Structure formats: C-alpha cells, structure tokens
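The following exercises are to be worked through with the sequence and the structure at hand. Each task is followed by a solution in steps.

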Amino acid sequence: MKALEKHGGEKSAKRPRSKRELASGNEPDIALRVRSVMRAADRAGMLGEKSHRIGGRISPALVEQAKKQTGIEADSDLIEFALANIALDDDFGRVLREVNDTVSPDLKLGF
C-alpha cells in the first residue's frame, strides 16, 4: 500500500488491492500501465493458478532499473508483469507496417 500512497493514490472502497495492483513506478502513467496490464491479464485468465516455476540469471542492473521504473518490488511480481506485457502485445507495430501507405477505397474521409 505504501507505493500507491507515496504517489498520491487512494485506496479503493470497493475491495483491497493486490500487490500487483499497487505498483506505482516513478510516474503516474507507469503506475496506470502496470495496473492496466495486470488487470487485462487477469481478465484474460492468465493470472490463475501459480504452479509454474521459472529461473534464470539476470543482470542485477536490469532488475533494479525495471523495479525502479515500474515500482514493482518483488522479483516474482516483476517477472509476472513482464510476461503479461509480452502475452498481451497486440502486434500494433507489425500491423502498422503492413498497412503503411494504404487506405481502403471504401473509407469515407469526409471530403
């Protein structure tokens, strides 16, 4: 709760917030991004049972910068956010490149 209150957030009267919803980062837009990604992953059913374990060697500087940027303190929560961010990617960049310089002839532009 400290991370949210530290950046001027308020507790929801509806229900207590989970740790993953409390990540605040250094900027309000980062906090919103973290919460939005995790809520979307939850709605998509990606945050159910936690039975899979993952491990690997990672640069401490990378981990610390990611924690600083997101406000996420626990390694597991940070990994969960990173994976959710990838899993929810909508391929916007690829789609934009595919439609580059094309407009449907049926599109009404208003002039």
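**Exercise 1. Determine whether the length of helix α5 in this predicted model agrees with the span expected for its residues.**

Solution. Step one: helix α5 comprises residues 75-87, which is 13 residues. Step two: at 1.5 Å a residue, taken over one less than the number of residues, the expected span is 18 Å. Step three: the C-alpha atoms at the two ends of α5 are 18 Å apart, so the expectation and the model agree.

**Exercise 2. Establish which residues of α5 are buried and how they are arranged around the axis.**

Solution. Step one: a residue counts as buried when its relative accessible area is under 20%. In α5 the buried residues are D77, L78, E80, F81 and A84. Step two: these residues cover an arc of only 160° around the axis, and therefore they lie on the same side of α5. The general background is that an α-helix has 3.6 residues a turn, so residues three or four places apart point the same way. Step three: the other side of α5 carries S76 and I86, which are exposed.

**Exercise 3. Identify the residues that make the nonpolar surface patch, and classify L83 as buried, partly exposed or exposed.**

Solution. Step one: I54, I79, L83 and I86 make a nonpolar patch of about 400 Å² on the surface. Step two: L83 is a residue of helix α5. Step three: the relative accessibility of L83 is 47%, so L83 counts as partly exposed.

**Exercise 4. Describe the salt bridge between K67 and D75, and state how accessible each partner is.**

Solution. Step one: the structure contains four salt bridges, and one of them joins K67 to D75. Step two: the closest N and O atoms of this pair are 2.6 Å apart, and the cut-off for a salt bridge is 4 Å. Step three: K67 has a relative accessible area of 17% and is buried, whereas D75, with 44%, is partly exposed.

**Exercise 5. Trace the network of salt bridges that links D91, R94 and E98.**

Solution. Step one: D91 and R94 meet through their side chains in a salt bridge of 3.4 Å, N to O. Step two: the side chains of E98 and R94 form a salt bridge of 2.7 Å, N to O. Step three: E98 and R94 are four residues apart in helix α6 (residues 92-98), so about one helical turn separates them. Step four: D91 is partly exposed at 34% relative accessibility, R94 is partly exposed at 37%, and E98 is exposed at 53%.

How values were computed:
Residues are numbered from 1 along each chain as its sequence is written. This is a predicted model: local features need pLDDT of at least 70, side-chain atom pairs count only at pLDDT 80 or more; totals for chains, interfaces and linings use all residues. Side-chain values use heavy atoms; hydrogens and water are left out. Buried means under 20% relative accessible area, exposed over 50%, partly exposed in between (1.4 Å probe, protein chains only). The arc is that of the directions from the helix axis to the C-beta atoms. Patches are made of residues with over 30% relative accessible area and no salt bridge: like charges are joined within 9 Å, nonpolar side chains (Val, Leu, Ile, Met, Phe, Trp, Tyr) within 5 Å. Accessible areas come from the Shrake-Rupley method with a 1.4 Å probe; for residues, only the protein chains shown count as cover.
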